[in-house]
Amino acid sequence: MAFRKFLPMFDRVLVERLAAETMSKGGIMLPEKAQGKVLQATVVAVGPGSTNQKGKLTPMSVKVGEKVLLPEYGGTKVNLEDEEYFLFRDADILGKYVE
């Protein structure tokens with residue numbers, strides 16, 4: 001719950017990546033090198049948004065609790081109380097999963 005003490009600025013989004021799959025669908029244990037990079041994450045905090053040229057606030061496209069798809073590269077790693085999170089710009093997030 002360290003992210004409750006951290007509020008991203010402007011159009012930044014704090015996410016927690018989902019855990020990597022350690023077993024295949026057939027039940028075989030996967031070594032670390034065979035595990036793919038996890039591109040799915042859960043949004044844990046969002047900034048207020050950015051301001052446009054007229055000074056109006058542009059709303060964020062994601063909300064806390066949503067599952068999102070991240071780019072393969074990018075983001076800033078942030079360690080908060082021994083937990084690993086990542087900061088992305090709102091525009092860098094590729095999409096969100098709708099239930």
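## A guided tour starting at Ser61

Begin by selecting Ser61, which lies in the loop between E4 and E5, where strands (E, at least two residues) and helices (H or I, at least four) are DSSP runs numbered from the N terminus. This is a predicted model, in which local features need pLDDT of at least 70 and side-chain atom pairs count only at pLDDT 80 or more, while totals for chains, interfaces and linings use all residues. Residues are numbered from 1 along each chain as its sequence is written, and side-chain values use heavy atoms, with hydrogens and water left out.

**Around Ser61**

With a relative accessible area of 43%, Ser61 is partly exposed; the scale used here calls a residue buried under 20% relative accessible area, exposed over 50%, and partly exposed in between, with a 1.4 Å probe and protein chains only. Show the neighbours next: leaving aside residues up to four places away in sequence, Ser61 touches Glu66, Asp90 and Lys96, a contact being heavy atoms within 4.5 Å. The side chains of Ser61 and Asp90 are joined by a polar contact of 2.8 Å, a term for a pair of N or O atoms within 3.5 Å of which, within protein, one must be able to donate a hydrogen and the other to accept it, with residues adjacent in sequence counting only if both atoms are side-chain atoms. Then select Ala91, which is 30 residues from Ser61 along the chain, and find the two C-alpha atoms separated by 8.5 Å.

**From Glu66 to Lys96**

Two of the neighbours of Ser61 also meet each other, for the side chains of Glu66 and Lys96 form a salt bridge of 3.5 Å, N to O; here a salt bridge is a side-chain nitrogen of Lys or Arg within 4 Å of a carboxyl oxygen of Asp or Glu. This pair links distant parts of the chain, since Glu66 sits in the loop between strand E4 (57-58) and strand E5 (67-69), and Lys96 in strand E8 (residues 95-96), 30 residues apart. Lys96 counts as partly exposed, at 41% relative accessibility.

**The network at Asp11**

Now select Asp11, Arg12 and Arg89, which are joined into one network by salt bridges that share partners. Asp11 is bridged to Arg12 with the closest N and O atoms 3.2 Å apart, and to Arg89 with the closest N and O atoms 3.4 Å apart. The second of these pairs spans 78 residues, from Asp11 in the segment before strand E1 (12-17) to Arg89 in strand E7 (residues 83-89). Asp11 counts as buried at 14% relative accessibility, whereas Arg12 is partly exposed at 27%, and Arg89 is partly exposed at 40%.

**Strand E2 and its partners**

Move on to strand E2 (residues 40-46), where six of the seven residues are buried. E1 and E2 run antiparallel and are joined by five bridges, two strands being paired if DSSP finds at least two bridges between them. To see one such position, select Val13, whose bridge partner in E2 is Val46. E2 also pairs with E5, in the antiparallel sense, over three bridges, and here Gln40 stands opposite Leu69 in E5.

**The whole chain**

Finally, zoom out to the full chain, which has eight strands and zero helices. Buried residues make up 30% of its 99 residues, and, among contacts between residues at least 6 apart in sequence, 63% join residues at least 24 apart.
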